[in-house]
Structures are given as C-alpha cells and as structure tokens.
Amino acid sequence: MAPAAVGLSLALVAAPTWAERADRLQPMHIEADALRYDDARQTSVFTGNVVITKGTILIRGQQVEVRQDAQGNQFGTITGTPQRRAFFRQKREGLDEYIEGEALRIDYDGQTETVRFTDQAVLRRYRGTALNDEARGALIVYNGTTETFTVDGGGPAARTPDNPSGRVRAMLTPLPPADAPPPATGAPAPLQPSTQM
C-alpha cells in the first residue's frame, strides 16, 4: 500500500468505531423518475434524479442499478454526470460523524460493506457539520467494516481541472484535545494543486 494510502487509512482508524451497524438491516427506500425491473437477473434499474435511503445511508445519482443475492445482501451501482456526480453518505457508529463521497460512479457492496468511488472521486469525513478530513483521487475504496480507505491518484491519465497533476490530494485534521472547544463550522480552505514538491 502506498504511504499516502496508509496515512489516510490510519486517520480513520484512530478510534475503534465503524459504519452504522443497524443500516445493514434497514429497508431500502427509493425515489426515481422511472424503474425497470428484471426478474430473471433480480435487478432493478432506477433512472432520473434517484434518491435512496437505507437507515443512515443516503445515495443520490442519475441512475442506480440495485440487485440482491440469495442471502439478502444488496449491491448497487450509482452513476452521475460531470455536472452532478453520484453521492454517498453514511453515519459512523456511535459518533456524531459522517462519511460522504462523490464520484462519476459509485459501487456499493452490502455484503462486504465497501464503497468504491471511481473517476473524479472525493471522500470527506464530517464531525457534526464541520468538515474534518478530505481526500481526492481517481479511485477511492472505503471499507465501512474496518473504517479504512485507500486512494489512487490515477496519474497523468486522471488529470482534471480540479486536479491538474492527477495525484492524490488530501486534507487531514488532527484530533482536538478532549478539553478543546468545539470546532467552528465555517468551511475550510479548499485544496489547491501543488506545482512543485
């Protein structure tokens, strides 16, 4: 694992907490402009401003394909557009913290509790309403069971106007002392691309 990915993984596992466990057993509620169901493949394809809730999980996208295996595990592929990327958000167990991310494509695996953010990917951790950590790259894989994630910058092929270098970009905030006042809720300075090392 690359040093940047190791450091980012450690940032989330400093405290032994996990994604909200009750989410796994909650029903999935879906709103969309249209639905196509395929009984033979056990898949449902929702299109047009799709919004999904499942416990504390919130998913939004232009199209979402959902399937369920024989054991009841749910899987989803969420696609967005360059103007409005696909979105995923989930509360962390026992904390006033949320993990949220955006990408052109998001793959959710309910069996392994992993989420893959592909193409123009961003992952953020909020403490209450304040942004605490943020990572950007071409591919981000978040494991809700272990509360770890890895980020791949994608190199020159993944260059975008927001990230002209195609490298992993991250902002990590240290944990405050226990007696520190709560953080201000103002937005932090945005990540800026580096032109040199």
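Is Asn 73 buried or exposed? I will start there and then go through the strands, a cavity and some aromatic rings. Please keep in mind that this is a predicted model.

Asn 73 sits in the loop that runs between β4 and β5, the latter being residues 74-79. Its relative accessibility is 12%, and the cut-off for buried is under 20%, so Asn 73 counts as buried. Leaving aside residues up to four places away in sequence, Asn 73 touches Arg 24, Arg 67, Gln 68 and Gln 111.

Another loop residue to look at is Gly 110. You will find Gly 110 between β8, residues 105-109, and β9, residues 114-127. Gly 110 has a relative accessible area of 8%, so by the under 20% rule this glycine is buried as well. With residues up to four places away in sequence again left out, the contacts of Gly 110 are Arg 24, Gln 74 and Phe 75. Take the last of these: Gly 110 and Phe 75 are 35 residues apart in sequence, yet their C-alpha atoms are 5.7 Å apart in space. Arg 24 appears here, and Arg 24 was also on the contact list of Asn 73.

Now the strands. Strand β3 covers residues 43-54, and strand β1, residues 29-31, runs antiparallel to β3 with three bridges joining them. On that side, His 29 stands opposite Thr 53 of β3.

Strand β2, residues 34-38, is also antiparallel to β3, this time through five bridges. Arg 36 has Val 45 of β3 as its bridge partner. β2 and β3 make a hairpin with four residues between them, and in that turn Gln 42 has a positive phi of about 55 degrees.

β3 also pairs with strand β4, residues 57-68, in the antiparallel sense, over ten bridges. Here Thr 53 comes up again, standing opposite Leu 58 in β4. So much for the pairing; the turn is next. The hairpin of β3 and β4 has two residues between the strands, and Gly 55 there takes a positive phi near 65 degrees.

On to the inside. How many cavities of 30 Å³ or more are there? The count is two. I will describe the second largest, which holds about 40 Å³ of space. Its lining consists of Met 28, Ile 52, Ile 59, Val 64, Val 66, Phe 75, Gly 76, Ile 78 and Tyr 108. β4 and β5 each supply at least two residues of that lining. By class, eight of the lining residues are nonpolar, one is polar and none is charged. Phe 75, which Gly 110 touches, is one of the residues in this lining.

Last, the aromatic rings. The structure holds two aromatic pairs. One of them is Phe 88 with Phe 117, an edge-to-face pair at 6.3 Å centre to centre, with 75 degrees between the planes. This pair links distant parts of the chain, with Phe 88 in strand β6, residues 86-91, and Phe 117 in strand β9, 29 residues apart. What about their exposure? Phe 88 counts as buried, at 0% relative accessibility. Phe 117 is buried too, with a relative accessible area of 0%.

Phe 88 and Phe 117 belong to one aromatic cluster together with Tyr 108. Tyr 108 is also among the residues that line the second largest cavity. That is where I will stop.

Note on methods: Residues are numbered from 1 along each chain as its sequence is written. This is a predicted model: local features need pLDDT of at least 70, side-chain atom pairs count only at pLDDT 80 or more; totals for chains, interfaces and linings use all residues. Side-chain values use heavy atoms; hydrogens and water are left out. Two strands pair if DSSP finds at least two bridges between them. Buried means under 20% relative accessible area, exposed over 50%, partly exposed in between (1.4 Å probe, protein chains only). Contact means heavy atoms within 4.5 Å. On a 1 Å grid over the protein atoms alone, a cavity is a set of points where a 1.4 Å probe fits but cannot get out, and a pocket is an open set with protein on both sides within 12 Å along at least five of seven lines; lining residues have an atom within 4 Å of a point. Grid points are joined across faces, edges and corners, and a volume is the space filled by probe spheres set on the points. Ala, Val, Leu, Ile, Met, Phe, Trp, Tyr, Cys and Pro count as nonpolar, Asp, Glu, Lys and Arg as charged, and the others, Gly among them, as polar. Rings of Phe, Tyr and Trp (its six-membered ring) pair if their centres lie within 6.5 Å; planes under 30 degrees apart count as stacked, over 60 as edge-to-face and the rest as tilted.
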